[in-house]
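Please open the structure in your viewer and keep the sequence panel beside it, so that each stop of this tour can be selected by residue number. The stops are given in order, and each says what to select and what is to be found there.

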Amino acid sequence: MSDALTPDAVHLGLDLGTQSARAVAVDGTGRVVGAASRPLTGRRDGPRHEQDPAQWWSALSAACREALAGVEAGRVRDVAVDATSGTILLAAPDGTPLTAGLMYDDGRAGDCADRVNAVGAPVWERLGYRSMQPSWALPKLLWLLERDRPPAGARLLHQADLVTWRLAGRQVPSDASHALKTGYDLLAERWPEEELSALGVPAALLPEVVRPGTVVGEVCAEAVAATGIPAGTPIVAGMTDGCAAQIGAGALEPGAWNAVLGTTLVLKGVSPHPVRDPAGVVYCHRGPEGTWLPGGASSSGAGVLTRRFPGADLSALTAEAAATGSKGGMSSTGSTGSTGSAGSMGSAGSAGSMAVTYPLVGDGGERFPFRARQATAFTLGRPAGRAEEFHACLLGVACLERLCFDYLDRLGAPVSGPLHLTGGGTRNRYWSQLRADVLGRRVLLPEQAESAVGMAVLAATASGVALRDAAAAMVRVREELEPDPDRTRRLLPVYLGFVDELARRGWLEEQVAAHAHGKART
């Protein structure tokens with residue numbers, strides 16, 4: 001075993017999520033020796049979603065200091081950072097933010113996305129996705145450039161780039177994972193200069209890009225006081241939060257998948273080849289070891305609970321919902337927020353026995369497993385009370401998750417390998433079991449289900465150890481959940497009714513709905 005994975009060595013993973021900044025220190029056996037988090041706040045207004053970049057650094061610095069408070073400096077070997085995918089800002093030549101951070105789901109760049117797709121279509125198709133969505137980084141970059149002409153020497157920064165700049169005391173290369181949604185060509189491993197020039201993006205604005213796992217710098221003296229990380233600690237190029245969680249779950253073999261349930265739902269898998277999506281919903285990251293990581297990020301997820309049940313005792317609601325869900329007898333069929341009943345394929349009647357909510361979090365439409373800017377939340381059935389309404393939200397996430405896998409299967413992505421569940425949603429065991437039941441497949445719950453652990457594992461490769469070896473040593477599975485076949489059969493009509501309603505509203509293609517029905521019969 002290399003020195004990087006000796007039991008005493010400590011590897012630091014830093015994670016910038018939607019609601020918090022987190023630091024986790026993990027030793028060579030996978031034991032967490034220090035962890036801390038600080039809250040992050042943002043501004044939402046319709047399709048707008050922004051955060052203050054200065055808060056990213058201050059929150060993450062404070063979390064680092066606390067996480068490392070009991071760790072001897074000589075044990076810390078390396079550090080890596082993940083952040084939300086597609087979140088960007090413009091910065092001055094010295095790294096001072098010039099704009100707010102436009103978050104991963106900010107949807108104001110619709111017109112710019114049309115231009116991006118008209119100019120760069122051949123490149124995006126070659127890379128395996130037909131087009132870019134308004135929430136992707138390149139359309140948002142054009143939107144920023146159209147609003148204000150940046151000063152000479154200004155730089156585009158991905159969310160993680162701001163942190164690595166502060167850690168190193170200078171700008172260091174970005175990683176290819178965060179750069180994907182800015183248009184970086186993962187096959188040629190370069191920026192598509194001709195297309196970006198045609199879009200009016202100055203080449204000098206863009207960062208240098210390297211593969212994840214590359215050592216890009218060292219922690220500078222100025223960052224030591226702020227973070228507690230020893231000076232000279234190697235900084236390893238990270239990945240986006242979804243990819244980081246995938247590494248942290250140990251989902252690294254072809255056919256393996258990781259489903260991250262946080263504010264939104266993110267699925268990442270492993271494929272020996274790029275997975276190409278004619279609809280442009282699924283895209284592929286390039287894995288650190290030559291594999292491809294297909295997946296997508298939904299605009300739906302656990303954030304629906306915060307939105308619909310502010311300040312509620314979620315543990316108590318879960319207990320009531322579990323009793324409600326075991327009964328299977330809800331109020332009569334109906335669709336809150338729709339103009340008619342579900343059932344373009346005839347399963348709506350059976351779906352009426354249990355309420356289900358389409359768990360859209362914001363007002364910017366959906367991104368995965370379908371793309372629909374006009375999508376809005378709805379409920380099928382009429383929940384009788386808060387517990388049934390809560391259960392409908394839990395069930396809706398599970399149904400959307402199954403639809404994601406049916407969509408991926410239709411594209412030819414390998415989906416039959418191990419399935420790991422991570423993210424804050426896994427703290428609710430009933431919800432995890434419900435997801436296993438709706439999916440009809442065994443799920444694995446890692447002991448430390450978070451993106452920061454994935455970055456600690458990736459950081460551990462700084463000495464040359466293979467990523468799979470690092471994961472094998474540092475990732476632990478807490479529990480395995482088997483689906484209840486009877487409950488799977490009982491929930492299947494609810495799922496198909498949910499699918500049919502999405503198709504009836506014109507958001508989901510009929511061919512995708514038909515594939516979901518076909519998979520349900522196998």
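## A guided tour by selection

Start with Arg307, a partly exposed residue whose relative accessible area is 46%. Keep in mind throughout that this is a predicted model. Now add Asp363 to the selection: the two residues form a salt bridge, with 3.1 Å between the closest N and O atoms. Arg307 belongs to helix α9 (residues 303-308), whereas Asp363 sits in the loop between β19 (356-358) and β20 (378-380), so this pair ties together parts that are 56 residues apart in sequence.

Stay in the loop between β19 and β20, and select Pro369, which is placed there. Show the backbone as sticks, and look at the peptide bond that joins Phe368 and Pro369: this bond is cis, with an omega of about 15 degrees.

Another backbone feature can be found at Glu189, where phi is near 55 degrees, a positive value in a residue other than glycine. Glu189 is located in the loop between α5 (176-179) and α6 (193-198), and with a relative accessibility of 35% this residue counts as partly exposed.

**More salt bridges**

Next select Glu480 and Arg442, which form a salt bridge in which the closest N and O atoms are 2.9 Å apart. Glu480 is part of strand β23 (residues 477-481) and Arg442 is in the loop between α13 and β22 (443-446), so the pair ties together parts that are 38 residues apart in sequence. Both partners count as partly exposed, Glu480 at 49% relative accessibility and Arg442 with a relative accessible area of 38%.

Which residues are joined into one network by salt bridges that share partners? Select Arg43, Arg48, Glu50, Asp106 and Arg108 together to display that network. Within this group, the side chains of Arg43 and Glu50 meet in a salt bridge at 3.2 Å, N to O. Arg43 is partly exposed, with a relative accessible area of 35%, whereas Glu50 is buried, at 9%. Over the model, the count comes to 24 salt bridges.

**Two crossing helices**

Move on to helix α13 (residues 429-439) and helix α16 (residues 485-504), whose axes come within 8 Å and cross at roughly 75 degrees. The two helices are therefore roughly perpendicular to each other. To see where they touch, show the side chains of Tyr430, Leu434, Asp437 and Val438 in α13, which meet Arg487, Thr488 and Leu491 in α16. Sorted by class, this contact has four nonpolar, one polar and two charged residues.

**An open sheet and the helices on it**

Switch to a cartoon view and follow the open sheet of six strands, which has the order β3-β2-β1-β6-β13-β12 and mixed pairing. At its edges are β3 (32-39) and β12 (215-218), each of which pairs on one side only. Neighbouring strands of this sheet are turned by 20 degrees against each other on average, direction ignored. At the β12 edge, three bridges join β12 to strand β13 (residues 234-236), and these two strands run antiparallel; select Glu218 to see that this residue stands opposite Pro234 in β13.

Then add helix α1 (residues 53-67), which packs on the sheet and touches β1 (10-16), β2 (20-27) and β3, its direction making about 150 degrees with that of β3. Helix α14 (residues 451-459) lies across β1, β2, β6 (76-82) and β13, and runs at about 135 degrees to β1.

How many of the residues of α14 are buried? The helix is mostly covered, with nine of its nine residues buried, among them Met455 and Leu458. What covers these buried residues includes β1, β2, β6 and β13, as well as α8 (241-249) and α15 (467-474).

**A covered strand to finish**

The last stop is strand β14 (residues 257-261), in which five of five residues are buried. Both of its faces are covered, with Trp257, Ala259 and Leu261 on one side and Asn258 and Val260 on the other. Select strand β15 (residues 265-269) as well, which pairs with β14 in the antiparallel sense over five bridges; the two form a hairpin with three residues between them, and Ala259 stands opposite Leu267 in β15. Finally, show strand β21 (residues 419-422), which pairs with β14 in the parallel sense over four bridges, with Trp257 standing opposite Leu419 in β21.

Definitions and conventions:
Residues are numbered from 1 along each chain as its sequence is written. This is a predicted model: local features need pLDDT of at least 70, side-chain atom pairs count only at pLDDT 80 or more; totals for chains, interfaces and linings use all residues. Side-chain values use heavy atoms; hydrogens and water are left out. Axes are lines fitted to C-alpha atoms, for helices over the stretch in contact, and angles run from 0 to 180 degrees between N-to-C directions. Angles under 35 degrees count as roughly parallel, over 145 as roughly antiparallel, 65 to 115 as roughly perpendicular and the rest as oblique. Contact means heavy atoms within 4.5 Å. Ala, Val, Leu, Ile, Met, Phe, Trp, Tyr, Cys and Pro count as nonpolar, Asp, Glu, Lys and Arg as charged, and the others, Gly among them, as polar. A salt bridge is a side-chain nitrogen of Lys or Arg within 4 Å of a carboxyl oxygen of Asp or Glu. Buried means under 20% relative accessible area, exposed over 50%, partly exposed in between (1.4 Å probe, protein chains only). Two strands pair if DSSP finds at least two bridges between them.
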